[in-house]
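Let us take a walk through this protein together, one stop at a time. Keep the sequence and the model side by side as you read.

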Amino acid sequence: MQPGRSSSSTRSRRPSTVRPEDAEGAKPAIAVAGLAAGRGRMPAFRDVTFTVPPASLTVLVGPNGAGKTTLFEALLGLLRPQAGSVRILGRAPREARRYVGLVPQSARLAHEHQLAGREFVAAAFRARRLGLPLARRETALAVGEALAAVEAQDLADRRLGTLSGGQRRRLLFAQALVNRPEILLMDEPLAELDPAAQRTVVGLAARLRDRFGLTIVFSTHDVNPLIGIAERVLYLAGGRGVIGPIEEVVTGEVLTKLYGVPMEVFEARGRRFVVQDDAVMAAAPEEVAAAR
Ligand SMILES: Nc1ncnc2c1ncn2[C@@H]1O[C@H](COP(=O)(O)OP(=O)(O)OP(=O)(O)O)[C@@H](O)[C@H]1O
């Protein structure tokens, strides 16, 4: 991880589905061109093109089944593209795996309740798994750094089974950081968290970008907690994707084209609510009603 840099350089970009290079000319951390990918025979999406600049935070949004997890798998090299290309730090995804950390959905923690926080984080440390000499000291150092990066030193000796959802999420974060990645993929880290815990997770992601220069892709069903924090949103829907600043992508006009059906976006108290006809797709119904 490197010292942070400004994160505001991409805020003025227009939505784009075709631009293969970052507008600022910086070498992209992630470059995806014409990508079609799926876990079955049918691709979840096709012709998705975007770049992610280094030291930035991109929200990945889309309805259930839009392909958010599929995209992460393609970025990790776990899934071969059906068409198009993926480059991570200029390399093929499999060659770049050690530079990429994944924060999985917390539901996958079911069998680790007996582990202490530091053991859980250490379990992901690469040198330990390889059984290298010096691994103990190196592991302790890397675990300590990762816990400090997410301000979770106080969780080092707590059993996972005794922690709240937000605290576990923090340890998942630390686990993803223990191998000092340059890119962090976060798979729905806000699911099942209350608004206060959501703010904590979003704040941590922003600090990792700003202090350590991490490139973060953060998937969620609701873009609102990231408004004013993420530079851009990558919106997947209708088998396609569009990327740009949140205020330019999360609009009725752009989403109607993307979904291929009439969509409306309501704004209330600085938040955006996406609605198809009268069906609320990603909203608190009472706030949408108030906005009408
Ligand atoms: N193992 C599988 N075999 C075939 N198709 C699959 C498989 N897993 C997922 N799919 C399909 O791939 C598409 C994309 O799924 P994916 O899980 O990537 O979406 P998602 O945006 O992450 O959804 P969610 O928000 O519900 O987690 C869906 O249509 C899904 O039904």
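**A walk through the model**

A good place to begin is Asp-187, which is found in the loop between β6 (183-186) and α6. Is Asp-187 buried or exposed? The cut-off for a buried residue is 20 or more other C-beta atoms within 10 Å, and Asp-187 counts as buried because it has 21 C-beta neighbours inside that distance. If you set aside its neighbours within four places in sequence, Asp-187 is in contact with Thr-69, Phe-72, Leu-102, Val-103, Pro-104, Gln-105 and Ser-219. You can also try comparing positions in sequence and in space: Asp-187 and Leu-208 are 21 residues apart along the chain, and their C-alpha atoms are 16 Å apart.

Before going further, please bear in mind that this is a predicted model. The average pLDDT of the protein is 83, and 81% of the residues score at least 70. The model as a whole scores ipTM 0.95 and pTM 0.83. One stretch calls for care: over residues 1-23 the pLDDT stays under 50, although the model has 55 contacts beyond four places in sequence for these residues.

Now step back and look at the whole protein. Its secondary structure comes to nine helices and 12 strands. Of its 292 residues, 41% count as buried. Among contacts with a separation of 6 or more, 64% are between residues 24 or more positions apart.

The protein is divided into domain 1 (1-89 + 182-257) and domain 2 (110-179). Where the two meet, 10 residues of domain 1 are in contact with seven residues of domain 2. On the domain 1 side, the largest share, six residues, comes from helix α6 (residues 195-212). By class, that side of domain 1 has eight nonpolar, one polar and one charged residues.

Next comes the interior. In soluble globular proteins, nonpolar side chains tend to be buried together. Here the largest nonpolar core has 80 residues, of which Val-121, Ala-174, Phe-218 and Val-233 touch the most other members. Helix α5 (residues 165-177) gives the largest share of this core, six residues. Where does the core lie with respect to the two domains? Domain 1 and domain 2 both give residues to the core, so it lies between them.

One of those core residues, Val-233, deserves a stop of its own. Val-233 has its place in strand β8 (residues 232-237). With 25 other C-beta atoms within 10 Å, Val-233 is buried, because the cut-off is 20 or more. Which residues does Val-233 touch, not counting those up to four places away in sequence? They are Val-59, Val-61, Val-223, Ile-246, Val-249 and Val-250. For a sense of distance, Val-233 and Thr-220 are 13 residues apart in sequence and 10 Å apart in space, C-alpha to C-alpha.

The last stop is the ligand. Surrounding the ligand are Gly-38, Arg-39, Gly-40, Ala-44, Gly-62, Asn-64, Gly-65, Ala-66, Gly-67, Lys-68, Thr-69 and Thr-70. By class, this shell has two nonpolar, eight polar and two charged residues. You have met one of these residues before: Thr-69, part of the shell around the ligand, is also in contact with Asp-187, where the walk began.

Terms used:
Residues are numbered from 1 along each chain as its sequence is written. Helices (H or I, at least four residues) and strands (E, at least two) are DSSP runs, numbered from the N terminus. A residue is buried if 20 or more other C-beta atoms lie within 10 Å of its own, exposed if 12 or fewer, and partly exposed in between; C-beta atoms are placed from the backbone. A residue is near a molecule or strand if its C-beta atom, placed from the backbone, lies within 6 Å of it. Ala, Val, Leu, Ile, Met, Phe, Trp, Tyr, Cys and Pro count as nonpolar, Asp, Glu, Lys and Arg as charged, and the others, Gly among them, as polar. pLDDT is the predictor's confidence in each residue, from 0 to 100. A nonpolar core is a set of buried Ala, Val, Leu, Ile, Met, Phe, Trp, Tyr and Cys residues joined through C-beta atoms within 7 Å. Domain bounds come from an automatic or database domain assignment.
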